[in-house]
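Please work through the exercises below with the sequence and the model open beside you. Each exercise sets a task, and a worked solution follows step by step.

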Amino acid sequence: MSKAQSVCTNLFSSSSEHHALFIVTAMLAIIAPALAQTAAPAGGELQQRLTEVKQSTAANQQKLHQYQWTETTQATLKGQLKPPKQSLNHYGPDGKVQKTPVDTQQSEPQQSGRGGRLKQKIVEKKKEEFQEYGEQIKNLLALYLPPDPQKMQQAFQFDRASLSKDSGTAEILFRDYALAGDRMTLSFDVAAKKISSINVQTYMDDPKDTVTLDVHFATLPDGTNYVQGTTLNATAKQLQVTTTNSNYQLLTP
């Protein structure tokens, strides 16, 4: 090959390489923004849904402060069905639910004799045990109901929240929401802008003592969203507690 031919060949090769590099660079310049726009909506939509959930929760809490309602609790402890309890509830000036017990049961007759006293002690011990569980349940429910705006936003910021969609419902999964290792899945009706259900996997004392909580919502005639019922299962403690809220009435000014 002559020197002139070699020079021409090198120039052509170099020109081709530069041309190919130019094409690749141009393609990347076009594709990169498109990829960024494709990836952005996932986080953007999750943040949007979180904003809607927080707005809906705040609006409903404000409306619920105008109501009183009846709460009925039914518990089963170690296979034994406990008498139902009822209370008349409303929000107090401090923003916390105030409960006035409604007497729905007769007191158990006192047992006489040695055997009767022994049986009475067993009954009293079970009552104390159940009351202790009841306080734990109350504290546990308060961690998840109503959903806390700051905890939800914190989960989003630390990449502990994810979004999935199904037939008009947005499901947001929060990990390590209130306790390390817990999971809370919130179902949100996108059209109605209301929470439809919440499912929680958590624990009371030890992470091994798993507790599940299912919460279902309903809507009052004026559009107020409220917790219609909850079901809590604490397998390790052989405890199940169901709570139903009903008979919502506006408070007299």
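Among contacts in the protein between residues at least 6 apart in sequence, what share joins residues at least 24 apart? The share is 44% of those contacts, where contact means heavy atoms within 4.5 Å.

Before going on, note that this is a predicted model, in which local features need pLDDT of at least 70 and side-chain atom pairs count only at pLDDT 80 or more, while totals for chains, interfaces and linings use all residues. Residues are numbered from 1 along each chain as its sequence is written, and side-chain values use heavy atoms, with hydrogens and water left out.

**Exercise 1. Describe the order of the elements and the extent of burial.**

Step 1: The protein has three helices and eleven strands, taken as DSSP runs numbered from the N terminus, with helices being H or I of at least four residues and strands being E of at least two. Step 2: Read from the N terminus, the order is α-β-β-β-β-α-α-β-β-β-β-β-β-β. Step 3: Of the 253 residues in the protein, 30% are buried, where buried means under 20% relative accessible area, exposed over 50% and partly exposed in between, using a 1.4 Å probe and protein chains only.

**Exercise 2. Follow the salt bridges, beginning in helix 1.**

Step 1: The structure holds five salt bridges, each being a side-chain nitrogen of Lys or Arg within 4 Å of a carboxyl oxygen of Asp or Glu. Step 2: Arg-49 pairs with Glu-45 at 3.8 Å, N to O, and these two residues of helix 1 are four residues apart, about one turn of the helix. Step 3: Arg-49 also pairs with Glu-52, whose closest N and O atoms are 2.8 Å apart; here the spacing within helix 1 is three residues, again about one turn. Step 4: Both Glu-52 and Arg-49 are buried, and Arg-49 has a relative accessible area of 11%.

Step 5: Glu-45 touches Leu-163 and Lys-165, when residues up to four places away in sequence are not counted, and its side chain makes a polar contact of 3.2 Å with the side chain of Lys-165. A polar contact is a pair of N or O atoms within 3.5 Å; within protein, one must be able to donate a hydrogen and the other to accept it, and residues adjacent in sequence count only if both atoms are side-chain atoms.

Step 6: A further salt bridge joins Lys-237 and Asp-205, with the closest N and O atoms 3.2 Å apart. This pair links distant parts of the chain, 32 residues apart, since Lys-237 lies in the loop between strand 10 and strand 11 and Asp-205 in the loop between strand 8 (194-203) and strand 9 (210-219). Lys-237 is buried at 15% relative accessible area, whereas Asp-205 is partly exposed at 48%. Step 7: Salt bridges that share partners join Glu-45, Arg-49, Glu-52 and Lys-165 into one network.

**Exercise 3. State how the largest pocket is lined.**

Step 1: The largest pocket has a volume of about 1600 Å³. On a 1 Å grid over the protein atoms alone, a pocket is an open set of points where a 1.4 Å probe fits, with protein on both sides within 12 Å along at least five of seven lines, and lining residues have an atom within 4 Å of a point. Grid points are joined across faces, edges and corners, and the volume is the space filled by probe spheres set on the points. Step 2: The lining counts 49 residues, with Glu-71, Asn-89, Lys-99, Lys-138 and Leu-141 nearest the centre of the pocket. Step 3: Helix 2 gives the most to the lining, with nine residues. Step 4: By class, 23 lining residues are nonpolar, 19 polar and seven charged; Ala, Val, Leu, Ile, Met, Phe, Trp, Tyr, Cys and Pro count as nonpolar, Asp, Glu, Lys and Arg as charged, and the others, Gly among them, as polar.

**Exercise 4. Locate Thr-70 and the backbone of Asn-247.**

Step 1: Thr-70 lies in strand 1 and is buried, at 14% relative accessibility. Step 2: Among the residues that Thr-70 touches are Gln-86, Thr-244 and Asn-247. Step 3: Asn-247 lies in strand 11 and has a phi near 55°, a positive value in a residue other than glycine. Step 4: Asn-247 is partly exposed, at 47% relative accessibility.
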